[in-house]
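Work through the exercises below with the coordinates open. Try each task before you read its solution.

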2 protein chains.
Amino acid sequence: MTTILRGNIIHAPSLGRLETLERGYLVLEDGKIQGLYSVLPEAYRSLHVEDYGEGLILQSFADMHLHAPQYAMAGMGMDLPLLEWLDTYTFPAEARYADLDYARRAYRKLAADLIACGTTRVAMFSTLHTDATLILMEELERSGVTGYVGKVNMDRNGGKNLQETTEESVSETLRWLDQCHFEHIKPILTPRFTPSCTDALMEQLGRIAAERGLYVQSHLSENRGEMAWVRELCPDCGQYWETYAKHGLWKSHTIMAHCVHSDEREQRAMAEAEVLAVHCADSNVSLCSGTAPVREMLERGVWVALGSDVAGGAILGMNDAITASIRASKIKSMETGAAFLTVPEGYYLGTTAGHRYFGAGAGFAAGDRLHAIVVDESRFPEPVRALSLSERLERALYLMDSRDIRAVYSDGRKVLG
Amino acid sequence: MTTILRGNIIHAPSLGRLETLERGYLVLEDGKIQGLYSVLPEAYRSLHVEDYGEGLILQSFADMHLHAPQYAMAGMGMDLPLLEWLDTYTFPAEARYADLDYARRAYRKLAADLIACGTTRVAMFSTLHTDATLILMEELERSGVTGYVGKVNMDRNGGKNLQETTEESVSETLRWLDQCHFEHIKPILTPRFTPSCTDALMEQLGRIAAERGLYVQSHLSENRGEMAWVRELCPDCGQYWETYAKHGLWKSHTIMAHCVHSDEREQRAMAEAEVLAVHCADSNVSLCSGTAPVREMLERGVWVALGSDVAGGAILGMNDAITASIRASKIKSMETGAAFLTVPEGYYLGTTAGHRYFGAGAGFAAGDRLHAIVVDESRFPEPVRALSLSERLERALYLMDSRDIRAVYSDGRKVLG
């Protein structure tokens with residue numbers, strides 16, 4: 001089965017490098033990229049072309065850190081710092097997902113909105129509720145979102161409505177893992193963060209990760225208050241990352257959200273272990289956590305991608321996460337002189353860097369199943385002169401929202417449009 | 001002629017204070033606010049009520065600084081600092097408005113988009129072109145936008161396609177002023193900024209302002225490179241603001257955009273003269289200008305309002321300018337410890353503080369012509385519990401765009417919905 005798309009193709013094979021093809025062809029065989037062409041090869045000339053005209057064919061977005069239950073409270077409580085915000089807004093909100101009817105409605109909406117704004121791959125936190133987590137995975141699968149979802153583990157400091165015993169946390173995790181039979185949505189172990197998980201729980205999660213070959217996601221060095229708390233809770237660990245490492249949770253493809261205050265040593269530990277650092281710029285500013293040293297991490301060889309961190313970040317659209325990360329890097333640049341993120345770099349971090357987590361290659365790489373969006377620019381102002389494709393990419397990233405996304409391809413299938 | 005609106009009314013009579021009325025009534029007589037009521041007074045009970053149900057009736061936005069011609073380049077060139085950005089993107093873009101057909105199309109789109117995103121009052125820069133400026137004013141008038149527009153004056157440093165002689169600048173200004181016969185759009189004198197205007201031109205503009213009782217708008221202390229340039233150009237002035245003051249352009253209701261690097265002395269000069277400082281948070285970050293000392297200015301009694309600064313800022317919607325100013329204030333807070341802007345404060349700055357420029361009172365004040373929007377929340381996620389009106393305001397400011405604005409009232413007239 002051959003599919004041929006035509007449009008203005010823009011992808012980011014490596015950090016800072018854009019490849020563009022004006023009115024080019026993207027050929028798929030059974031959903032896998034066969035090649036990109038300026039002129040359609042002879043062999044395909046008799047086939048139907050899905051012609052998007054002047055539309056931009058971009059890589060879809062990978063949101064490598066967000067909290068599904070918190071979408072319901074997006075844009076609220078932004079006047080509070082992290083730990084108060086968790087207690088006042090987040091934990092009570094998450095407790096609501098014991099209600100499976102509510103969970104179904106809320107997660108169906110989230111799944112639809114993710115596709116509508118062009119996010120086709122995710123690494124996502126659910127709540128501690130096993131059944132609601134399975135519902136979330138079902139709804140993502142149904143809408144065309146692919147990736148990893150974690151039932152959250154937390155056996156301390158969650159308050160009375162959002163806490164498990166260590167035993168429950170482990171047995172529910174195993175029950176959940178046994179029921180994860182989805183084609184495009186896979187489980188990932190998710191100790192919330194060190195203050196939520198006892199050593200005993202971490203130990204067991206480390207064992208499960210090793211036995212079942214599972215990836216792990218959590219939070220790291222987001223906020224100074226949180227870091228001080230971790231030092232208090234784990235006096236045996238020199239740095240925050242070691243509280244994960246000592247239980248076997250710090251390994252290739254472990255996802256660590258935030259890393260705002262990670263110093264050189266912590267960064268080097270990430271680079272060495274092939275941990276993915278997920279930068280969540282909007283959340284870090286809104287919760288007054290700080291601005292992450294993204295340039296520094298990149299220069300030290302840390303693997304960095306982006307997350308919306310809904311609802312520490314208010315906005316689901318990853319184009320906004322990209323521009324937020326550019327803005328945050330400009331703040332950092334004014335402070336430290338480090339070069340800010342350019343638009344091609346931001347685009348790479350919001351797409352290829354995340355897609356790599358799932359085994360994808362460089363940009364629209366041959367052999368990869370297609371993850372792409374088609375952007376229609378007709379709502380944007382008429383420019384004063386002809387624009388280059390890289391200018392059009394920049395404009396789309398700054399201005400677009402779901403109204404401008406005409407089609408979405410996820411894992412080689414057309415899931416919207 | 002009596003009009004009665006019903007809905008959830010939220011307004012900001014003073015900095016930091018919200019007044020809310022659940023399912024309340026807003027009564028207008030000939031477009032002027034007669035009163036707000038929880039229970040509709042007897043006298044009105046037989047009249048038709050425009051019932052917006054659960055909709056939020058908010059103050060409309062006042063965008064106190066934006067460049068109309070730059071809307072066409074919104075979201076582009078954001079990788080450049082101010083002075084390079086002006087030369088590479090802005091000045092060539094503005095030169096395009098010699099073409100009146102282009103100007104008509106571009107300004108019609110801008111005017112429609114302003115109303116669609118709930119901005120009913122503006123203080124706006126045009127280009128130096130007299131005829132295109134008149135077209136802009138016509139299109140704003142037609143769409144329902146009210147406020148001030150300025151033909152830009154610039155007799156130096158504009159390059160060959162965007163510069164007037166001093167004589168042309170003055171005579172074109174007078175020709176323009178003589179043709180400004182619009183009901184809702186008034187002229188404001190607009191020396192672009194000191195590097196664009198010779199002393200001779202400034203002198204004449206000061207005279208015209210005094211003779212005709214006109215307000216003035218310009219830029220101030222946006223960027224350190226610009227400030228150094230001003231010191232070089234005007235060695236006789238101790239501070240940037242004095243380059244305006246010495247020509248009579250620093251007076252009550254003079255609008256100064258940015259004020260990022262205004263120190264205590266410059267701030268005190270603003271407070272004393274009743275100059276309006278317009279904070280443009282997104283632009284200041286994107287062009288690496290800095291983060292303005294908004295809290296400091298407010299504490300020193302400076303009159304501060306907000307601007308989108310399109311296209312130094314990429315986004316036209318003033319709800320985004322409000323959340324951008326909150327984010328910028330959090331950055332500033334992390335640097336200096338100054339309290340960040342709360343949501344009620346941001347809402348005040350984006351509404352009442354700007355509306356005051358036009359003589360309006362505190363929030364939805366009796367006697368004022370109505371400037372309001374109605375927000376429909378149905379696109380937002382279902383919350384986990386009932387929300388207060390102040391939470392709903394916060395959510396709307398963070399999440400809404402033009403899709404969510406169901407009706408717009410400008411100067412007492414319904415202009416959308």
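The exercises cover a sheet, cis peptide bonds and positive phi angles.

This is a predicted model, in which local features need pLDDT of at least 70, side-chain atom pairs count only at pLDDT 80 or more, and totals for chains, interfaces and linings use all residues. Residues are numbered from 1 along each chain as its sequence is written, chains are lettered from A and ligands numbered from 1 in the order in which they are written, and side-chain values use heavy atoms, without hydrogens and water.

**Exercise 1. The sheet**

Find the strand order of the open sheet of four strands in chain A, and its edge strands.

Solution.
- Step 1: assign elements. Helices (H or I, at least four residues) and strands (E, at least two) are DSSP runs, numbered from the N terminus.
- Step 2: find pairs. Two strands pair if DSSP finds at least two bridges between them. Pairing goes through backbone hydrogen bonds, either parallel or antiparallel.
- Step 3: read the order. In chain A it is β5-β6-β7-β9, with parallel pairing.
- Step 4: pick the edges. β5 (61-67) and β9 (185-187) of chain A each pair on one side only.
- Step 5: get the twist. Neighbouring strands of this sheet are turned by 20 degrees against each other on average, direction ignored.

**Exercise 2. One strand pair and a helix**

Count the bridges between β6 and β7 of chain A. Then place helix α2 of chain A on the sheet.

Solution.
- Step 1: β6 (residues 119-125) and β7 (residues 146-150) of chain A run parallel and are joined by five bridges.
- Step 2: across this pair, Ala123(A) faces Tyr148(A) of β7(A).
- Step 3: α2 (residues 100-116) of chain A packs on the sheet and touches β5 and β6 of chain A. Contact means heavy atoms within 4.5 Å.
- Step 4: the direction of α2 makes about 140 degrees with that of β6(A). Axes are lines fitted to C-alpha atoms, for helices over the stretch in contact; angles run from 0 to 180 degrees between N-to-C directions.

**Exercise 3. Cis peptide bonds**

Locate the cis bond before Ala311(A) and the one before Ala311(B).

Solution.
- Step 1: in chain A, Val310(A) to Ala311(A) is cis, with omega near 10 degrees. Ala311(A) sits in the loop between β14 (303-306) and α11 (318-336) of chain A.
- Step 2: in chain B, the cis bond joins Val310(B) and Ala311(B), with omega about 10 degrees. Ala311(B) is in the loop between β14 (303-306) and α11 (318-336) of chain B.

**Exercise 4. Positive phi**

Is Ser221(A) buried or exposed?

Solution.
- Step 1: phi of Ser221(A) is near 45 degrees, positive in a residue other than glycine.
- Step 2: Ser221(A) lies in the loop between β11 (217-220) and α6 (224-233) of chain A.
- Step 3: relative accessibility is 0%, so Ser221(A) counts as buried. Buried means under 20% relative accessible area, exposed over 50%, partly exposed in between (1.4 Å probe, protein chains only).
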